[in-house]
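Here is a short run of questions and answers on one protein. Keep the model open as you read.

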Amino acid sequence: MVRGKTEMKRIENATSRQVTFSKRRSGILKKAFELSVLCDAEVALIVFSPKGRLYEFSSSSTNKTIERYQKNDRYLGPNRKIAEIQTTEHLKEEVATMTRKLELLEDSKRKLLGQGLDSSSFDELQQVEEQLERSLSCIRARKNLLLREQIAHLKEEEKILMKQNADLRKRIWAIWSRVLVAKTWCWVDFEPVRDPGTSTQAYHP
C-alpha cells in the first residue's frame, strides 16, 4: 500500500502530535548517530519537545560543537552573507532559465500538435515539419522492430506446435501398430474346423 504524502502543517490532535513527535525524534536522532559513525563527522543535535523537554545527541560534546560553530560563524559571518546573496541570485537565474526552457518546450509541443501555428513563420513551420518527419521515422523504426520481434516469436511457437504435432502422430501410429499386431495374432490363433453335420465352417482355438 502506497503511503500518502504528509501535509506539512501543525497536527491539531494532541495525541497524534505527540506520537508523531516521538517517532520523528527517534528517527532524526538515529540519522544523526549514523552520520557521525559512517562519515566520521562531528554532529550535535538539540531538540526541545512542545513541553520543553530536552533531547540531544552529540558525537563528542555538545558544548564543544556549539563553541566550534560560534567560532566559525564569527569568522565567516560577512562572507556567509555574501555567499547567501550570490546563491540567491544564482537560484533566481536558474529559475528564470528553466522557466524560459519550459515555455519553449510547451510552445514546441503545441506546434507539434498543430496548435498555435497562425503566428509561426515559414522557417518555424519548416522546422516543425522536419521534427515531425524525424519523429515519424523513429516511430516507424520502433514499430518495425516490434513487428519483427512478434514474427520471430510466432515462428518459434509454430516450431513448437509442429514438433508437438509430429510427436503426437508418432504416438498415434505406435498405438495403431500395436492394435493391428494384436488383431493379426487373434486371427492366426483360430483355425477353421468343418462341422460334420453341416456344410459351414466354425472357428475353434
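Q: In what order do the elements of the protein run from the N terminus on?
A: This is a predicted model. Its secondary structure comes to three helices and four strands. From the N terminus on, the order is α-β-β-α-α-β-β.

Q: What share of the residues in the protein is buried?
A: Buried here means under 20% relative accessible area. The protein has 205 residues, and the buried share of them is 8%.

Q: How much of the accessible surface belongs to carbon and sulfur atoms?
A: The accessible surface of the protein comes to about 18,800 Å². The part that belongs to carbon and sulfur atoms is 59%.

Q: Which residues make up the largest nonpolar core?
A: In soluble globular proteins, nonpolar side chains tend to be buried together. Here the largest such core has seven residues. Helix H1 (14–38), strand E1 (44–48) and strand E2 (54–58) each give two or more residues to this core. The members are Phe21, Ala32, Val43, Leu45, Val47, Tyr55 and Phe57.

Q: Which side chains of E1 point to the buried face?
A: In a regular strand the side chains alternate between the two faces of the sheet. E1 shows such alternation. Ala44, Ile46 and Phe48 point to one face and are not buried. The buried ones, on the other face, are Leu45 and Val47.

Q: Which residues form the covered face of E2?
A: E2 has an uncovered face with Leu54, Glu56 and Ser58. Its covered face holds Tyr55 and Phe57.

Q: How many bridges join E1 to E2?
A: The two strands run antiparallel. Ala44 stands opposite Ser58 in E2. Ile46 stands opposite Glu56 in E2. The number of bridges that join E1 to E2 is five.

Q: Which residue in the hairpin of E1 and E2 takes a positive phi?
A: The hairpin has five residues between the strands. One residue there has a phi near 90°. That residue is Gly52.

Q: Which residues does Leu45 contact, leaving aside neighbours within four places in sequence?
A: Leu45 is on the buried face of E1, and Leu45 also belongs to the largest nonpolar core. Contact needs heavy atoms within 4.5 Å. The partners of Leu45 are Ile28, Leu29, Ala32, Tyr55, Glu56 and Phe57.

Q: What is the geometry of the aromatic pair of Phe33 and Phe57?
A: The protein has two aromatic pairs by the rule used. In this one the ring centres lie 6.2 Å apart, with 85° between the planes. Planes over 60 degrees apart count in one class, so the pair is edge-to-face.

Q: Phe33 and Phe57: which is buried and which is partly exposed?
A: The relative accessible area is 46% for Phe33 and 17% for Phe57. The cut-off for buried is under 20%. So Phe57 is buried, and the partly exposed residue is Phe33.

Q: Over which ring does the charged end of Arg25 sit?
A: The charged end of Arg25 is 4.2 Å from the ring centre. The ring belongs to a residue on the covered face of E2. That residue is Tyr55.

Q: Which residues does Thr62 touch, not counting those up to four places away in sequence?
A: Thr62 is in helix H2 (residues 62–112). Its relative accessible area is 13%, so Thr62 is buried. Thr62 touches Ile46, Glu56 and Phe57.

Definitions and conventions. Residues numbered from 1 in each chain as written. Predicted model: local features only at pLDDT ≥ 70, side-chain atom pairs only at ≥ 80, totals over all residues. Heavy atoms only, no water. Core = buried A, V, L, I, M, F, W, Y, C linked by side-chain atoms within 4.5 Å. Buried < 20%, exposed > 50% of the residue type's maximum accessible area, 1.4 Å probe, protein only. Areas by Shrake-Rupley, 256 points an atom, 1.4 Å probe, with all protein chains shown as cover. Phe/Tyr/Trp six-rings, centres within 6.5 Å; stacked < 30°, edge-to-face > 60°. Lys NZ or Arg CZ within 6 Å of the ring centre and 35° of its normal. Pairing = 2+ DSSP bridges.
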